[in-house]
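I opened a fresh page for this one and went through the fold step by step. Here are my notes, in the order in which I looked things up.

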Amino acid sequence: MNKITAGVEGMMCGMCESHINDAVRSAFPSIKKVTSDRKKKQTVIITEDAITEEQLHAVIDPTGYTMTSYALEENAKKGLFGW
């Protein structure tokens with residue numbers, strides 16, 4: 001499993017978080033989990049396939065939000081209480 005943490009600017013409410021989550025899910029069907037947090041200004045993606053920074057920019061930027069950072073953690077392990 002890969003864990004990708006992307007910094008996202010511009011989210012103001014729960015609907016903004018949902019908008020990002022829906023866009024990412026529809027672009028990458030292999031995603032196991034995606035969560036966005038407007039307070040932390042980030043989106044966390046758990047996936048089996050690798051997603052490049054360019055691919056993620058191509059999905060997030062057209063939604064009206066700005067991706068500001070990208071961090072990939074390969075072979076991420078599931079913790080005791082989940083991701």
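I began with pairing, since I wanted to read bridges properly: two strands count as paired if DSSP finds at least two bridges between them. I also noted at the top of the page that this is a predicted model.

**Entry 1, a bridge and its strands.** I looked up glycine 7 and found that its bridge partner is glutamine 42, in β3. Then I checked the pair of strands as a whole: β1, residues 2-9, and β3 run antiparallel and are joined by six bridges.

**Entry 2, the sheet.** Which order do the strands take in the sheet? I read it as β2-β3-β1-β4, an open sheet of four strands with antiparallel pairing. At the edges I found β2 (31-37) and β4 (66-73); each has a single partner strand, so one side of each is left without a neighbour in the sheet. I also took down the twist, which averages 15° from one strand to the next.

**Entry 3, the helices.** I turned to helix α1, residues 14-27, and saw that it lies across β1, β2 and β3. Its direction runs at about 155° to β2. Helix α2, residues 53-60, also packs on the sheet, where it touches β1, β3 and β4. For α2 I noted an angle of about 145° with the direction of β4.

**Entry 4, threonine 47.** I picked this residue in strand β3, which covers residues 42-47. Is threonine 47 buried or exposed? It counts as buried, because its relative accessibility is 0% and the cut-off for buried is under 20%. I listed its contacts too, leaving aside residues up to four places away in sequence: Met1, Asn2, Ile4, Ser30, Ile31 and Lys32. Its side chain also reaches the backbone nitrogen of aspartate 49, at 3.2 Å.

**Entry 5, the whole chain.** I stepped back and counted two helices and four strands, which run β-α-β-β-α-β from the N terminus on. The radius of gyration is 12 Å, close to the 12 Å that the globule rule gives for 83 residues, so the chain is as compact as a globular protein of that length. I noted the span of the C-alpha trace along its principal axes as about 30 × 25 × 20 Å.

**Entry 6, burial, contacts and surface.** Of the 83 residues, 35% count as buried. Among contacts between residues at least 6 apart in sequence, I found that 65% join residues at least 24 apart. Last, I looked up the surface: the chain exposes about 5,100 Å², and carbon and sulfur atoms supply 50% of it.

How values were computed: Residues are numbered from 1 along each chain as its sequence is written. This is a predicted model: local features need pLDDT of at least 70, side-chain atom pairs count only at pLDDT 80 or more; totals for chains, interfaces and linings use all residues. Side-chain values use heavy atoms; hydrogens and water are left out. Buried means under 20% relative accessible area, exposed over 50%, partly exposed in between (1.4 Å probe, protein chains only). A polar contact is a pair of N or O atoms within 3.5 Å; within protein, one must be able to donate a hydrogen and the other to accept it, and residues adjacent in sequence count only if both atoms are side-chain atoms. Contact means heavy atoms within 4.5 Å. Axes are lines fitted to C-alpha atoms, for helices over the stretch in contact, and angles run from 0 to 180 degrees between N-to-C directions. The radius of gyration is taken over C-alpha atoms; the globule rule is 2.2 Å times the number of residues to the power 0.38. Accessible areas come from the Shrake-Rupley method with a 1.4 Å probe; for residues, only the protein chains shown count as cover.
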